[in-house]
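This briefing introduces a single protein chain to a reader who has not met it before. The sequence and the structure are shown first, and the notes follow by topic.

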Amino acid sequence: MTYKPGTKAPSTGIYWCSVCKRPERFTEGQDLPSCKNLCGRGRWDLLRPDGEAEKKQG
């Protein structure tokens, strides 16, 4: 699922821009900004929620 800039991050984790694939970490409830690469139509995809790596190792 993708999220528009200006919406609140649904969970804490690593997101990336749907256009340029630039990764960035956001915390739950934080307003998602526009991509720093100025991707006009870019949205944010949740790539990896926090805690996912620990679940796989456990």
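Along the sequence, the elements of the chain come in the order β-β-β-β-α. That pattern amounts to one helix and four strands. The model described here is predicted.

**Chain as a whole**

- The chain has 58 residues, and 22% of them count as buried.
- Among contacts in the chain with a separation of 6 or more, 47% are between residues 24 or more positions apart.
- About 4,100 Å² of the chain is exposed, and carbon and sulfur atoms supply 50% of that area.

**Strand pairing**

- Strand β2, residues 13-17, pairs with strand β3, residues 23-26, in the antiparallel sense, and four bridges join them.
- Within this pairing, the residue opposite Trp16 is Pro23 in β3.
- Five residues lie between the strands in the hairpin of β2 and β3, and Lys21 in this hairpin takes a positive phi near 65°.
- Strand β2 also pairs with strand β4, residues 44-49, again in the antiparallel sense, here over five bridges.
- Arg48 in β4 is the residue that stands opposite Ile14.

**Salt bridge between Asp31 and Lys8**

- Four salt bridges are found in a search of the whole structure.
- One of these four salt bridges joins the side chains of Asp31 and Lys8, with an N to O distance of 2.9 Å.
- Asp31 lies in the loop between β3 and β4, while Lys8 lies in the loop between β1 (2-3) and β2, so the pair ties together parts that are 23 residues apart in sequence.
- Asp31 has a relative accessible area of 44% and is therefore partly exposed, a class that runs between 20% and 50%.
- Lys8 has a relative accessible area of 53%, so this residue is exposed, the cut-off being over 50%.

**Salt bridge between Lys36 and Glu24**

- The side chains of Lys36 and Glu24 also meet in a salt bridge, at 4.0 Å from N to O.
- This pair links distant parts of the chain, since Lys36 is in the loop between β3 and β4 and Glu24 is in strand β3, twelve residues apart.
- Is each partner buried or exposed? Lys36 counts as exposed, at 57% relative accessibility, whereas Glu24 counts as buried, at 17% relative accessibility.

**Salt bridge between Asp50 and Arg25**

- A further salt bridge brings together the side chains of Asp50 and Arg25, with 2.4 Å from N to O.
- This pair, too, links distant parts of the chain: Asp50 belongs to the loop between β4 and α1 (52-57), Arg25 belongs to strand β3, and 25 residues separate them.
- Asp50 counts as partly exposed at 42% relative accessibility, and Arg25 counts as partly exposed at 46%.

**Shared partners**

- Arg22, Glu24 and Lys36 are joined into one network by salt bridges that share partners.
- Within that network, Glu24 is the residue in strand β3 that pairs with Lys36 from the loop between β3 and β4.

Definitions and conventions. Residues numbered from 1 in each chain as written. Predicted model: local features only at pLDDT ≥ 70, side-chain atom pairs only at ≥ 80, totals over all residues. Heavy atoms only, no water. Helix = DSSP H or I, 4+ residues; strand = E, 2+ residues; numbered from the N terminus. Buried < 20%, exposed > 50% of the residue type's maximum accessible area, 1.4 Å probe, protein only. Contact = heavy atoms within 4.5 Å. Areas by Shrake-Rupley, 256 points an atom, 1.4 Å probe, with all protein chains shown as cover. Pairing = 2+ DSSP bridges.
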